[in-house]
Amino acid sequence: MTPRNLLAIRHAPTLASGICHGQWQAPLLLSHEDAARRMREALGNDSVSCLWTSDLPRCREPASLLARELEVRLEVTSSLREMSMGDWEGRSWADLEREDAERVRHWMASWQTEAPPGGELLEAFEARVRRWHAKLGAEDTVLIAHAGVVRCLQVLRRGLDWSDAMAMEVPHLTLVRL
């Protein structure tokens, strides 16, 4: 079954520019309360029956506040985590390029078929998000998400290829209609 409406809002911006995020919990620029307020504003008058979120705090905490305000069911799942970047998470890209240049170049050239060291294959990430998507009911659903998950849903729901999806901007705290 496919939801009538599937809307996504990316979490608040982080204080970790130039850092390989993945599932690493980067500090946020906004409080969870401010992020939830901005998410509510982004929703406008859109109907919401259920709110889903990643279990990572940058999504889960403001989603919990938003669900309470909207008086809707909140579903939290690890299936909606960002793609794991393994050993590179929390490290600056500049350090990685200096200290692990060969593996960084190799992964950058083959990111669609190979995982970063200790990380997740794109195929496994897509399969994880696909399994979550297949469980959705017909209700109006809002997702508090990571950029990678929003891009993955563009691949799954709109038929984009991964190169096009990765080229798409996914602004923080902005509504995306999927």
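Reader: What makes the five strands an open sheet, and in what order do they stand?
Author: In this predicted model, the order is E3-E2-E4-E1-E5, with mixed pairing. Strands are DSSP runs of E, at least two residues, and helices are runs of H or I, at least four, numbered from the N terminus. Strand E3 (73-77) and strand E5 (175-177) are the edge strands, as each pairs on one side only. Neighbouring strands are turned by 25° against each other on average, direction ignored.

Reader: How do you know that strand E1 and strand E4 pair?
Author: Pairing requires at least two bridges found by DSSP. E1 (residues 6-10) and E4 (residues 141-145) have five, in the parallel sense, so they count as paired. Alanine 8 stands opposite leucine 143 in E4.

Reader: Why is the length of helix H2 said to agree with expectation?
Author: The expected span is 1.5 Å times one less than the number of residues. For the 14 residues of H2 (residues 57-70) that gives 20 Å, and the end C-alpha atoms are 19 Å apart, so the two agree.

Reader: Which residues of H2 are called buried, and what do they pack against?
Author: Buried means under 20% relative accessible area, with exposed over 50% and partly exposed in between (1.4 Å probe, protein chains only). Arg58, Cys59, Pro62, Ala63, Leu66 and Ala67 are the buried residues of H2. They pack against H1, strand E2 (50-54), E3 and E4, where contact means heavy atoms within 4.5 Å.

Reader: How are the values restricted?
Author: Local features need pLDDT of at least 70 and side-chain atom pairs 80 or more, while totals for chains, interfaces and linings use all residues. Residues are numbered from 1 along each chain as its sequence is written, and side-chain values use heavy atoms, leaving out hydrogens and water.

Key:
Axes fitted to C-alpha atoms, helices over the stretch in contact; angles between N-to-C directions.
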